[in-house]
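Let's take a walk through this protein together, starting from one spot in the middle and working outwards. Keep the view open as you read.

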Amino acid sequence: MTDKASLLEQAEFANEAFYLAFEGMDFEAMAHLWSARREVICLHPGWPALVGRDAVLESWRSILSNPRQGQVSFYSAQATLIGDESVAVVCYELAGDHVMVATNIFSVEDEGLRMVLHQAGFCGNPPSPPE
């Protein structure tokens with residue numbers, strides 16, 4: 001079993017890597033973050049639910065190759081353990097003038113934490129981003 005504090009730290013790092021891949025429009029980095037062993041789910045705002053690695057990665061390929069895709073950053077991330085081998089990171093995404101609340105769930109795999117769920121939706125009353 002992994003030390004709980006270490007697992008939370010790893011999840012914060014994995015969450016940051018997710019947003020760096022998003023901001024950098026880096027499909028290879030994004031694909032590396034998603035689990036290859038577990039079923040994965042992705043809920044983009046306004047999209048139908050995507051289940052399975054192929055569908056999820058195809059959505060990211062489409063998003064990250066879109067030249068009109070704006071920058072997305074995150075703030076106020078908070079990691080919480082879910083059982084012994086999974087961590088949920090809840091944070092806020094800043095996309096242009098819109099703020100969304102996101103949940104990113106990471107699970108332990110042999111090579112580290114891998115994403116199994118990303119869900120983002122518009123937030124009507126978000127906290128202010130840090131200055």
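Start at alanine 102, which sits opposite alanine 120 of strand 6. What you have in front of you is a predicted model, so treat every value here as computed from that model. Not far along in the sequence, methionine 100 has its own bridge partner in strand 6, namely phenylalanine 122. At the other end of the pairing, glutamate 109 faces glycine 112 of strand 6.

Those pairs belong to a bigger pattern. Strand 5 (residues 98–109) and strand 6 (residues 112–122) run antiparallel and are joined by ten bridges. To get from strand 5 to strand 6, the chain goes through a hairpin with two residues in it. How much of strand 5 is buried? Nine of its twelve residues are, so to speak, mostly under cover. Strand 6 tells a similar story: eight of its eleven residues are buried, so the rest of the structure largely encloses it.

Now look to the other side of strand 5. Strand 4 (residues 86–95) pairs with strand 5, again in the antiparallel sense and again over ten bridges. If you want a landmark there, valine 90 has threonine 103 of strand 5 as its bridge partner. The hairpin of strand 4 and strand 5 has two residues between the strands, and glycine 96 takes a positive phi near 65° in it.

Strand 6 has another partner to offer. Strand 1 (residues 41–43) pairs with strand 6 in the parallel sense, over three bridges. One place to see this is isoleucine 41, which stands opposite leucine 117 of strand 6.

Put these pieces together and you have the sheet. It is an open one, made of six strands in the order 2-1-6-5-4-3, with mixed pairing. Strand 2 (50–51) and strand 3 (72–82) are at the edges with a single partner strand each, so one side of each has no neighbour in the sheet. As you click along any of the strands, remember that side chains in a regular strand alternate between the two faces of the sheet.

What about the helices? The protein has three helices to go with its six strands, and along the sequence they follow the pattern α-α-β-β-α-β-β-β-β. The radius of gyration is 14 Å, close to the 14 Å that the globule rule gives for 131 residues, so the protein is as compact as a globular protein of that length. The C-alpha trace spans about 40 × 35 × 25 Å along its principal axes.

For a link between a helix and the sheet, try glutamate 23, found in helix 1 (residues 4–23). Which residues does glutamate 23 contact, leaving aside its neighbours within four places in sequence? They are Gln71, Val72 and Ser73. Glutamate 23 and serine 73 are 50 residues apart in sequence, yet their C-alpha atoms are 6.9 Å apart in space. Glutamate 23 itself is partly exposed, with a relative accessible area of 27%.

Finally, zoom out. Among contacts between residues at least 6 apart in sequence, 47% join residues at least 24 apart. Buried residues make up 40% of the 131 in the protein. The protein exposes about 7,300 Å², and carbon and sulfur atoms supply 51% of that. As for charge, the mean positions of the 7 positive and 18 negative charges are 6 Å apart.

Conventions. Residues numbered from 1 in each chain as written. Predicted model: local features only at pLDDT ≥ 70, side-chain atom pairs only at ≥ 80, totals over all residues. Heavy atoms only, no water. Helix = DSSP H or I, 4+ residues; strand = E, 2+ residues; numbered from the N terminus. Rg over C-alpha atoms; globule rule 2.2 N^0.38 Å. Buried < 20%, exposed > 50% of the residue type's maximum accessible area, 1.4 Å probe, protein only. Contact = heavy atoms within 4.5 Å. Areas by Shrake-Rupley, 256 points an atom, 1.4 Å probe, with all protein chains shown as cover. Lys, Arg positive; Asp, Glu negative; His and termini not counted. Charge placed at Lys NZ, Arg CZ, Asp CG, Glu CD. Pairing = 2+ DSSP bridges.
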